[in-house]
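Please look through the sequence and the three-dimensional structure shown here before reading the briefing. It may help to keep the view open and to find each residue as it is named.

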Amino acid sequence: IPSVSNIVPESCLLIVVGLLVGGLIKGVGEKPPILKSDIFFLFLLPPIILDAGYFLPLRPFTENLGTILIFAVVGTLWNAFFLGGLMYAVCQLGGPGLNHIGLLANLLFGSIISAVDPVAVLAVFEEIHINELLHILVFGESLLNDAVTVVLYHLFEEFASFEQVTILDIILGFLSFFVVSLGGVLVGVIYGVIAAFTSRFTSHIRVIEPLFVFLYSYMAYLSAELFHLSGIMALIAAGVVMRPYVEANISHKSHTTIKYFLKMWSSVSETLIFIFLGVSTVAGHHYWNWTFVISTLFFCLIARVLGVLVLTWFINKFRIVKLTPKDQFIIAYGGLRGAIAFSLGYLLDYKHFGMRDMFLTAIITVIFFTVFVQGMTIRPLVDLLAVKKKQETKRSINEEIHTQFLDHLLTGIEDICGHYGHHHWKDKLNRFNKKYVKKCLIAGERSKEPQLIAFYHKMEMKQAIELVESGGIGKIPSAVSTVSIQNINPQTLPLERVLPALSKDKEEEIRKILRTNLQKTRQRLRSYNRHTLVADPYEEAWNQMLLRRQKARQLEQKMNNYLTVPAHRVDSPTMSRARIGSDPLAYEPKEDSENLPIITIDPASPQSPESVDLMSEEPKGCSGLPPSPEEDEEGLVMRVKEPSSPGTDDVFTPGASDSPSNQRMLRCLSDPGPRPEPEEGEPFIPKGQ
């Protein structure tokens with residue numbers, strides 16, 4: 001029924017099935033089976049962790065390892081102590097039923113309930129297809145917090161049997177964290193190398209190749225648990241270390257067997273775990289205390305939210321790709337609890353912890369709340385917040401090549417800068433791996449030639465065998481190419497791969513990352529878009545410059561108006577003589593216009609204005625010579641034009657006044673130019689005004 005599984009996660013449905021089965025068994029008078037801790041830790045948990053570790057996406061995991069470790073170690077410690085301390089306060093204030101629970105018991109309870117469960121996270125996050133970053137952060141935290149949980153659990157369990165806890169015990173407990181975590185990783189690495197070395201010699205017995213992967217992984221888990229180290233971290237380390245070398249040695253069929261057998265095994269374990277949780281809820285002994293259970297649930301949520309907010313604020317100071325508020329909400333909301341907490345609670349001894357039943361009741365309540373309420377509502381919340389989903393398409397060879405190219409480029413940049421970042425150390429590790437480790441752990445020529453060339457040789461061999469079997473070898477020349485073989489055996493072309501289009505937000509985010517973290521690039525002009533107009537920082541300066549140029553042009557124009565003598569309107573000769581004769585004083589110059597040219601006309605002259613010519617048009621002091629007293633009195637003099645001598649052409653023969661400068665001044669005087677503005681006034685104004 002797909003419509004049901006789209007709303008309710010599979011883990012919730014399995015718990016409901018377990019509840020129904022447990023109720024049915026109890027209804028017929030039988031005692032339902034309880035999920036025992038040794039069955040859970042020895043048989044049901046390892047397949048799920050091995051599947052997760054063997055197929056762990058290594059690149060995003062290593063790139064975000066710092067963030068994952070901070071969430072897993074610091075976040076789990078904060079949750080355990082915050083929750084344990086507050087529950088101790090609740091027990092002291094909660095009345096007679098809770099007063100006997102001490103601080104160590106509450107801290108032990110806090111360490112059990114604080115860890116995020118990998119089984120529950122896998123069950124829910126695989127269904128909602130969240131993006132790779134959020135998935136690896138929450139899932140990586142749930143895997144790596146196992147070391148903290150194991151240390152705190154065994155520490156407080158041991159302290160509960162002590163009469164007095166000393167400072168030395170606390171210091172040894174702190175150091176035991178490093179022993180448990182690093183010891184588990186070391187055990188996993190050792191068994192991973194042994195598995196890779198063994199797979200080098202299995203070419204003649206392909207049938208049992210998958211068995212070595214399961215055998216050595218399980219031995220790594222058991223060896224770690226034997227010494228009270230972190231079995232989960234040992235399994236993850238073994239899977240991560242052995243996979244590249246084992247897959248280079250084993251056949252393709254063995255690889256398929258490992259893949260599907262692990263998936264099937266982990267799926268069966270997951271199903272059994274959730275069904276047993278439901279059955280154990282019906283079958284177990286419960287002691288319900290409203291104060292304790294409700295306080296546990298409330299403080300679990302508060303501790304998770306506060307821890308994520310504070311740690312993300314600190315982590316974002318060092319991350320290039322920041323965790324947004326949506327990401328923080330999903331990380332806080334995805335902190336699901338599961339069967340690991342139940343099994344650890346079930347392991348508690350009645351001698352030291354008489355309140356075990358109440359602890360188990362509170363743990364089951366928290367598990368049910370996180371799996372049912374948070375697990376069912378996380379999918380609609382992801383859709384509502386428009387959180388980026390996972391891209392299901394496989395990466396093309398083009399993307400692989402460019403990714404490797406960028407890795408080499410960033411390694412070179414780090415070397416030039418003298419900065420030893422994770423690209424530098426990754427390059428060193430790859431060189432060491434290629435030079436020494438591959439030669440020891442990978443058989444034959446596969447340790448030397450690249451995978452792409454090896455695949456090409458394999459395809460050539462396969463096509464050659466097919467040709468021999470089909471009997472077409474005699475018709476084909478010996479030096480046959482892949483292209484010609486494909487022409488002989490035409491195959492249908494695969495569908496063209498559709499590349500996902502980059503959204504505007506993603507493009508802007510990439511630009512922002514590049515702009516803030518790589519280098520301060522020059523500001524370039526973008527194409528015009530009226531919806532996304534950006535203020536130009538140089539716009540104001542350009543406007544000021546244009547205004548200054550415009551003012552200078554206007555000033556130059558005004559100066560030309562003052563310096564250019566405007567031409568009078570051409571009147572008839574009779575009107576001109578009448579105007580000048582009636583008021584000769586009207587054309588005397590102003591007192592303050594000493595620098596303007598002065599034109600003196602004899603009003604009694606019988607000549608008409610058409611027969612006069614300009615002889616001296618320069619104002620006083622402008623010719624470079626000191627003005628004579630006569631010129632000082634006369635100004636510009638208009639003289640009668642002398643008649644031309646007989647036999648000369650008035651038009652084509654240049655006269656004395658036809659020099660280029662005179663012609664230019666005549667042209668200037670005949671052109672009125674732009675009309676002066678009213679407030680400037682005219683160069684010649686009546687004397688009486």
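The points below go through the nonpolar core, a pair of packed helices, an enclosed helix and two single residues.

This is a predicted model, and the values given for it are computed. Its largest nonpolar core has 121 residues, and helix α8, which covers residues 132–161, supplies the largest share of this core with 16 residues.

**The nonpolar core**

- The residues with the most contacts inside the largest core are Phe40, Leu45 and Phe292.
- Leaving aside neighbours within four places in sequence, Leu45 is in contact with Phe40, Val119, Tyr221, Ile232 and Ile340.

**Helices α7 and α8**

- Two packed helices are described by the angle between their axes and by the distance between those axes.
- Helix α7, made of residues 118–128, packs with α8 at an angle of about 160°, and the two axes are 9 Å apart.
- Because angles over 145 degrees count as roughly antiparallel, α7 is described as roughly antiparallel to α8.
- The crossing in which α7 passes α8 is left-handed.
- On the α7 side the contact is made by Pro118, Val121, Leu122, Phe125 and Glu126, while on the α8 side it is made by His135, Val138, Phe139, Ser142 and Leu143.
- Sorted by type, the residues of this contact between α7 and α8 divide into seven nonpolar, two polar and one charged.

**Helix α15**

- Seven of the eight residues of α15 are buried, so this helix is largely enclosed by the rest of the structure.
- The buried residues of α15 are Ala339, Ile340, Ala341, Phe342, Ser343, Leu344 and Gly345, and Ile340 also appears among the contacts of Leu45.

**Two single residues**

- Is Thr67, a residue of helix α5 (residues 65–93), buried or exposed? Thr67 is buried, because its relative accessible area of 6% falls under the 20% cut-off.
- Not counting residues up to four places away in sequence, Thr67 touches Leu137, Ile315, Arg319 and Leu323.
- His352 lies in the loop between α15 (339–346) and α16 (356–384), and with a relative accessible area of 44% His352 is partly exposed.
- Leaving aside neighbours within four places in sequence, His352 is in contact with Ala160 and Ser161.
- His352 and Ala105 are 247 residues apart along the chain, yet their C-alpha atoms are separated by 8.9 Å.

Methods: Residues are numbered from 1 along each chain as its sequence is written. This is a predicted model: local features need pLDDT of at least 70, side-chain atom pairs count only at pLDDT 80 or more; totals for chains, interfaces and linings use all residues. Side-chain values use heavy atoms; hydrogens and water are left out. Helices (H or I, at least four residues) and strands (E, at least two) are DSSP runs, numbered from the N terminus. Buried means under 20% relative accessible area, exposed over 50%, partly exposed in between (1.4 Å probe, protein chains only). Contact means heavy atoms within 4.5 Å. A nonpolar core is a set of buried Ala, Val, Leu, Ile, Met, Phe, Trp, Tyr and Cys residues joined through side-chain atoms within 4.5 Å. Axes are lines fitted to C-alpha atoms, for helices over the stretch in contact, and angles run from 0 to 180 degrees between N-to-C directions. Angles under 35 degrees count as roughly parallel, over 145 as roughly antiparallel, 65 to 115 as roughly perpendicular and the rest as oblique. A crossing is left-handed if the near helix is turned anticlockwise from the far one by less than a right angle, and right-handed if clockwise. Ala, Val, Leu, Ile, Met, Phe, Trp, Tyr, Cys and Pro count as nonpolar, Asp, Glu, Lys and Arg as charged, and the others, Gly among them, as polar.
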